[in-house]
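Let's walk through this one together, a piece at a time. Keep the viewer open as you read.

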Amino acid sequence: MSRARPGGSHRLGARPGEVIDRSRTIEFRWNGVTHTAHPGDTIASALAAAGVRVFARSYKYHRPRGLLTADIFDPGAILQVGDEPNVRAAHRLVEAGMDVRSQNTWPSLRYDVKAVNQLAGRFLATGFYYKTFIKPERLWPTYEKVLRRFVHAGEVSPDSEQPYFDKRYAHPDVLVAGGGPAGMAAAVAAARAGASVMLVEQEHQLGGHLRWGDAEDLRCRDELVAAVEAESNIEVLTDSVVAARYDDNWLAVVQRGLPHVAERLVKARAGTLVVAAGLIERPYVFAGNDLPGVMLSTAVRRLLNLYAVRPGSRAVVFTANPEGDAAAADLRAAGVDVVEVDARHGRTVVRATGRGGVEAVELSDGSRIEADLLVTAVGWTAPTSLLNMSGANPGYRPDAARFVPDPAATPAAVIAVGGIAGDGTRDELVAHADAAGREAAARALALAASRAGSADTRDPVAVPQLGLHHHPELFFALPTGGFVDMSEDVSAKDILTAVKEGYDSSELVKRYTTATMGPAQGKLETVNTVALVAHATGKTIAETGATTWRPMYTPITLGALAGRKFEPVRHSPMQPWHTSHKAAPLIAGQWIRPEHYGDPVAEVRNVRQNVGIIDVTPIGKLDLQGPDVAKLLNLLYVNKWSQLGIGRVRYGVMCAEDGVVLDDGVTGRLAENHYLMSTTSSGAGTVWEWAENWLQTEHPEWQVHVTPVTTAYASINVAGPKSRELLARLTDVDLDNAAFGYMNVRTGTIAGVADCVLWRIGFTGELSYELHVPASYGLHVWETLMATGADLGIAPFGVEAQRILRLEKGHLIVGQDTDGLTKAYSAGLDWAVKLDKPDFVGKPELAWQAARGEHPKLVGLRPLDTSVVPEEAAQIISDGGYIVGRITSSRLSPTLGRPICLGQVDAHLADPGTRLTVRLRNGSDTTVEVTAEHAHFDPEGERQRV
Amino acid sequence: MSDIAAAPIARTALSFPGPVRTTDGWETTARHAAGGLRLADLGPLVKLTVRGPADGSVRAALGTSFGHTVRPRGGPLAGALVVGSGPGEWLVLGAPGTGGELLAGVRSIIADSGEFASVVDVTHGRALVRLTGADTPLLLSKVCAVDLADRVVPDGAAFRSSVARVVTDVVRDDVDGTRSYLLHCERSSGQYLADSLVDAGIEYGIEVGAPTEHDDATGHPR
């Protein structure tokens with residue numbers, strides 16, 4: 001590390017309004033050299049105190065740039081801090097140990113090789129990219145590689161730790177954007193009127209321009225801050241910005257400076273928005289206006305009075321307003337030699353000259369003044385973005401030389417206060433904001449009352465109209481020179497060239513030149529751009545109009561927009577067991593399921609030979625109660641349900657109105673008017689909504705209640721030839737085949753747990769019982785099964801083994817063997833569809849499908865080459881190369897020792913024995929034969945009926 | 001059927017690092033939370049869902065409607081917390097072990113009403129936590145978009161909304177003047193929801209612990 005440089009060569013003695021803590025000194029690095037700072041310093045103020053003048057190189061020409069505004073909008077102080085690029089160094093507070101570097105300079109900030117671009121400047125003018133790289137198109141990738149090396153941005157290491165972004169919601173009655181005197185006064189008034197208030201300030205402290213003002217300004221600030229702090233229903237967010245306003249006062253607020261959180265997006269829904277954004281000082285466009293040492297008067301006052309930094313030793317102050325005069329006075333008080341150039345008396349600055357910084361200033365009268373600091377105070381830009389986003393379109397007022405909102409054309413839920421609304425003394429602005437704050441509260445509370453059903457009985461608050469002070473129109477010097485947009489390196493000449501080439505409106509010039517598109521988002525550039533376009537077209541500024549102000553007010557990170565990531569996951573009660581037994585996790589929608597426990601093939605074999613248990617908790621389960629449940633089942637399922645006896649279970653298929661298979665599952669009848677329906681795991685929510693939709697919209701007269709109970713039960717399938725023997729050790733239910741046969745349901749106690757439901761069904765093709773256990777006891781029952789079945793060879797099996805087992809058995813999976821076009825007959829469900837039922841969902845379409853008989857069919861497929869397992873989704877092709885179907889499921893069967901498949905094929909190719917060609921992923925073909933049944937194993941079902 | 005040596009142990013949807021304890025057949029965390037912002041696992045509480053006409057005899061007997069709560073002082077549901085969790089839908093919360101009595105109580109209400117209504121015991125199918133502390137609105141504002149101001153969600157109010165993207169019944173049920181919310185969701189999402197709440201509450205010093213004498217849906221003086 002280099003030796004620490006003593007900070008403070010430009011540091012002044014204590015100032016009344018300074019925000020630095022002189023009792024502490026911290027160290028940070030700037031381009032590898034250690035500097036000192038005080039807590040409260042921004043990176044830029046600390047560097048300026050150390051005498052640093054050049055902070056960056058410009059976007060296109062790599063010209064040296066210094067401080068211009070000394071706040072978040074400063075285009076000359078965008079730096080790299082550690083792994084974070086594009087840090088606004090005139091806003092970010094310096095921290096001990098910070099590693100600050102200039103961006104995209106090589107080999108150094110001082111000797112930047114890319115400054116050669118200045119020599120080629122005439123070739124890099126307006127529309128350079130469009131004109132130069134458009135042809136030949138094939139070379140664009142090459143151009144792109146070269147251009148990327150010149151991109152003016154920082155670096156993000158792929159190894160950077162991902163910052164934590166956050167999000168919260170807020171519902172203030174009144175949200176005040178801007179914590180200057182007007183914003184604070186409005187917030188206090190609104191709070192005292194009974195409103196909840198969120199006060200958002202972009203700077204690190206409340207106070208706005210009062211912070212760098214005189215003693216009376218500081219006294220006023222202190223009083224207002226104390227008033228804010230005294231109101232418990234004002235939430236103050238500093239270092240935060242109202243980035244956007246959307247319909248119904250949906251406000252995007254980005255909060256920074258929180259511990260452990262990079263940025264937080266506050267989604268605020270405010271009753272009334274008070275826009276108190278103040279005024280932003282506008283730069284002056286003249287030759288040499290980007291030289292380090294050219295600053296705005298507000299920048300100078302920030303540096304002097306907030307950070308006690310002397311920005312130069314001999315200054316020219318070009319002023320057209322009292323704020324410029326105040327800057328001159330502040331500079332003199334700090335010991336700086338000052339020459340004032342008063343625009344109100346007709347003198348203007350036309351040029352600044354120097355190498356690497358201001359050395360002399362040339363005036364309109366031909367005189368030349370040597371100086372290292374040129375201060376401009378030529379007028380203000382009203383940052384009306386939030387008003388424009390609200391639908392108001394402030395108009396240009398030449399007498400005030402700025403855009404001004406019309407209260408009558410502003411939505412009722414939005415009120416402007418402070419400098420953005422008009423001019424006045426400090427007291428007049430505060431009085432106006434006070435009235436506006438009370439009115440904002442009244443409107444918000446009336447809105448809240450109306451939402452609660454109460455009438456609006458409030459008395460409107462009379463808000464005085466602010467006047468406008470005359471201000472000369474000063475935008476650019478003639479002959480034109482200098483830069484309009486220092487972020488984008490767009491010169492005045494570029495604007496004039498664009499107009500000459502036919503881009504004669506603000507919007508077109510913006511897009512052609514990229515003026516106003518930089519990080520300041522037009523706050524510094526828009527009005528000057530419009531003035532130049534107006535000058536070039538011969539129109540007035542009012543006729544020319546500004547470009548559209550869109551979100552974001554200040555650039556924010558993508559992380560802030562993404563906010564906090566919510567990705568719900570669902571676990572079964574047996575998840576701790578699965579985890580401790582090293583189950584491979586399978587993400588199935590939101591569910592985390594065991595895919596296998598190490599060897600799915602062994603798991604299949606164990607089910608066929610002994611007994612296995614699988615956690616099937618995600619299977620959808622709906623509790624159905626009421627005398628009309630059978631009617632609902634008959635409507636939703638394609639098969640019949642009227643005769644289902646108590647204690648019986650039936651498989652059912654649901655189709656949508658278009659006949660496409662929606663879901664399947666079994667439903668058991670527990671009591672006269674009580675059923676338990678199961679659905680696919682992924683279809684649980686859909687089927688619940690489906691049933692409710694039909695009940696509520698088509699048959700509200702039916703007495704049926706549907707209650708989702710998917711996770712009220714932990715579900716365990718016990719499968720294998722020894723499953724009965726195992727279960728008999730743990731239940732009071734009579735498991736004898738004669739007492740509890742295939743496709744029956746019973747309730748009873750398992751492992752000491754009452755109120756369990758047992759279904760005898762067979763997705764795996766083996767003797768099996770599906771146990772639905774009150775979920776809190778799921779882990780207990782699972783562990784008891786494992787312990788009790790040890791001598792029977794019990795082993796858990798996962799979803800992969802289950803998929804193999806069901807494929808051997810030929811059971812389809814909705815969504816795997818069917819898709820969004822597969823109707824019931826295409827899925828081979830002919831046996832289930834009962835067209836003789838009076839009605840069911842999808843019947844007309846299915847009747848039509850049955851009559852046509854041309855539909856694809858799901859068939860069992862047997863690859864002839866037993867060493868090849870066709871991939872799922874592999875295309876089945878005809879001799880002519882046409883696609884005639886696809887493989888929907890395929891596995892190597894551990895039981896049969898050969899590959900097995902299900903597939904959908906065109907109807908004329910679905911006859912058993914038909915041989916088909918499958919195109920594999922590697923481009924080769926293999927032959928499969930259509931089998932007589934879907935089931936490859938035990939098609940008669942003897943194993944599951946024992 | 002052979003004898004089962006181990007008595008059944010019920011487990012709630014939530015588990016947290018640290019010791020556990022078993023009380024009345026339920027295994028829960030044994031951690032003690034003493035901070036100003038606490039999350040307690042109330043999984044063992046009895047939970048019944050009741051469906052019936054939104055404005056009829058069942059509603060009258062339950063004593064509350066959608067968006068509100070009541071603690072019946074007498075009758076078959078005395079001591080329980082009845083939540084109007086939806087139009088024509090109620091959630092009845094009771095002390096652990098009272099499921100049989102409450103179920104019978106609701107069934108008697110239904111039988112007496114002559115209306116079509118139903119009750120399902122979802123004690124094992126739902127997760128239930130209580131968040132208590134002055135900062136609970138701030139914590140919840142990070143995971144739920146609903147305005148929790150007093151005039152919108154006063155003590156005794158209930159609503160169903162997305163909390164950290166999980167469908168959740170939120171019940172404001174202050175404890176001795178301190179803000180407190182019951183959050184009730186489908187069981188399998190319970191751990192995720194609790195983890196999300198803890199994550200959101202770190203900046204406010206949230207602690208997770210076993211229920212205290214107040215962290216119970218029953219017995220609140222009104």
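Two strands count as paired when DSSP finds at least two bridges between them. The strands themselves (E, at least two residues) and the helices (H or I, at least four residues) are DSSP runs, numbered from the N terminus. What you're looking at is a predicted model, in which local features need pLDDT of at least 70, side-chain atom pairs count only at pLDDT 80 or more, and totals for chains, interfaces and linings use all residues. Residues are numbered from 1 along each chain as its sequence is written, while chains are lettered from A and ligands numbered from 1 in the order in which they are written.

Start with a run of strands in chain A. Strand β45(A), residues 883-893, pairs with β46(A), residues 898-905, in the antiparallel sense over 8 bridges. One spot to click on is S889(A), whose bridge partner in β46(A) is L902(A). The hairpin of β45(A) and β46(A) has 4 residues between the strands, and G897(A) there takes a positive phi near 70 degrees.

β45(A) has another antiparallel partner too: β44(A), residues 875-877, joined to β45(A) over 3 bridges. Here Q875(A) is matched with R886(A) of β45(A). This pair also makes a hairpin, with 5 residues in between, and G881(A) in its turn has a positive phi of about 90 degrees.

Now for some helices. α4(A), residues 181-192, packs against α5(A), residues 215-230, at an angle of about 30 degrees, with the axes 9 Å apart. (Axes are lines fitted to C-alpha atoms, for helices over the stretch in contact, and angles run from 0 to 180 degrees between N-to-C directions.) On the α4(A) side the contact uses P181(A), M184(A), A185(A), A187(A) and V188(A), and on the α5(A) side C220(A), L224(A), V225(A), A227(A) and V228(A). Residues are in contact if their C-beta atoms, placed from the backbone, lie within 7 Å. By class, this contact has 10 nonpolar residues, no polar and no charged. Nonpolar means Ala, Val, Leu, Ile, Met, Phe, Trp, Tyr, Cys and Pro; Asp, Glu, Lys and Arg are charged, and the others, Gly among them, are polar.

Where do the chains meet? The contact takes 40 residues from chain A and 33 from chain B. On the chain A side, β8(A), β33(A), β37(A) and α20(A) each give two or more residues, with the largest share, 5 residues, from β8(A). That side has 18 nonpolar, 15 polar and 7 charged residues.

Methods: Contact = placed C-beta atoms within 7 Å.
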